[in-house]
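Please open the model in your viewer and keep the selection tool at hand. The stops below move from packed helices to a small group of strands and then to aromatic rings.

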Amino acid sequence: MAHYFVGDIQGCYDELMRLLERVDFDPSQDKLCPVGDLVARGPASDKVAKLMLDIQDSVLTVLGNHDLHFLSIFHGLFQPKKNDKLDTLLKAPFAEEYANWLAQQPLIRTFPQLNIVMSHAGLHPHLSLQQHLDMSDWVQQVLAGGKIKPWLKAMYGDKVNKWQADFSLQDKFNFIINVTTRMRYLKNKGQLDFKCKDTLAAAPDNLTPWFNVPRMEDVDFQIVFGHWASLMGCVQNKQYMALDTGCVWGQYMTMYCAETATKYQQGALF
């Protein structure tokens, strides 16, 4: 059995299939581990969603910001924008099944046998892994509980950008979602910056990429994440692996086999 971690798919079905064919992926034995953002903005979100349902017993994904936004749209909180390219998926006969499946997925997954922790955007350096996991487990229960519209409706906004022990439940919900699905740069006191998406070389001096901030606890695991296409996989630290390499923006999709420490890449086909 092999675990294949893959960067942001975002509806890029053909590229994903090329990679799965290249590694001879066997859903009866292997595991596909997407870093989140399965759908939206790419040309074939409906096909990606159907594939996830067809091989769901072999998929170990986490939620990304676009996955959560899809859930908000599906539940009628927003109208899809043209560049979301979600109309075909929303009209598909399996759309409800996909939304229900997606709502059961976590924000963070651990792979103890591989010494890997996966989150779409990363882990905040000022919080322990256990703090992340406790909040992630709670959010997963909320989303899978069926009454998610009020939580999703109040999820949006940039107000909750720093950890506080006395958070309200909604603020705690928003904070861990902001950390695990939106985080890139941090300000000097650990506040999340939601605006800058630049490369490391182009970022303002007052911002630090989250993975360059010293962690509050020593860790012996690797953090696998996506979300940040402008990094193009370059973090220059073996403790972190960035897998979003901008396929939906015309660059390429990256897949990583943990057992063999091998990377595979497929250029955009649209």
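Helix axes are lines fitted to C-alpha atoms, over the stretch in contact, and the angles between them run from 0 to 180 degrees between N-to-C directions. Helices (H or I, at least four residues) and strands (E, at least two) are DSSP runs numbered from the N terminus. This is a predicted model, in which local features need pLDDT of at least 70 and side-chain atom pairs count only at pLDDT 80 or more, while totals for chains, interfaces and linings use all residues. Residues are numbered from 1 along each chain as its sequence is written, and side-chain values use heavy atoms, with hydrogens and water left out.

Begin by selecting helix 6 (residues 129-144) and helix 8 (residues 169-182), whose axes come within 10 Å and cross at roughly 110°. That angle makes helix 6 roughly perpendicular to helix 8, the term covering 65 to 115 degrees. In this contact (heavy atoms within 4.5 Å), helix 6 contributes residues including H132, M135 and W138, and helix 8 contributes residues including K172, F173 and I176. Stay on K172, which lies over the face of W138 at 4.5 Å from the ring centre; such a placement requires NZ of Lys or CZ of Arg within 6 Å of the ring centre and within 35 degrees of the ring normal.

Next select helix 3 (residues 65-74), where 7 of the 10 residues are buried, so that this helix is largely enclosed by the rest of the structure. Buried here means under 20% relative accessible area with a 1.4 Å probe, protein chains only. What covers the buried residues of helix 3 includes helix 6 and helix 8, as well as helix 4 (87-91). Just after helix 3, look at G76, which takes a positive phi of about 80°.

Now show strands 5, 6 and 7, which form an open antiparallel sheet in the order 6-5-7. Strand 5 (residues 185-186) pairs with strand 6 over 2 bridges, and DSSP must find at least two for a pairing to count. Within strand 5, Y185 stands opposite D193 of strand 6.

Finally, keep Y185 selected and add W210, F211, F225, W228 and Y240, since together these residues form one aromatic cluster. Rings of Phe, Tyr and Trp (its six-membered ring) pair if their centres lie within 6.5 Å, with planes under 30 degrees apart counted as stacked, over 60 as edge-to-face and the rest as tilted. The whole structure holds 19 aromatic pairs. In one of them, the rings of W210 and F211 have centres 5.5 Å apart and planes at 80°, so this pair is edge-to-face.

Methods. Parallel < 35°, antiparallel > 145°, perpendicular 65-115°, else oblique. Buried < 20%, exposed > 50% of the residue type's maximum accessible area, 1.4 Å probe, protein only.
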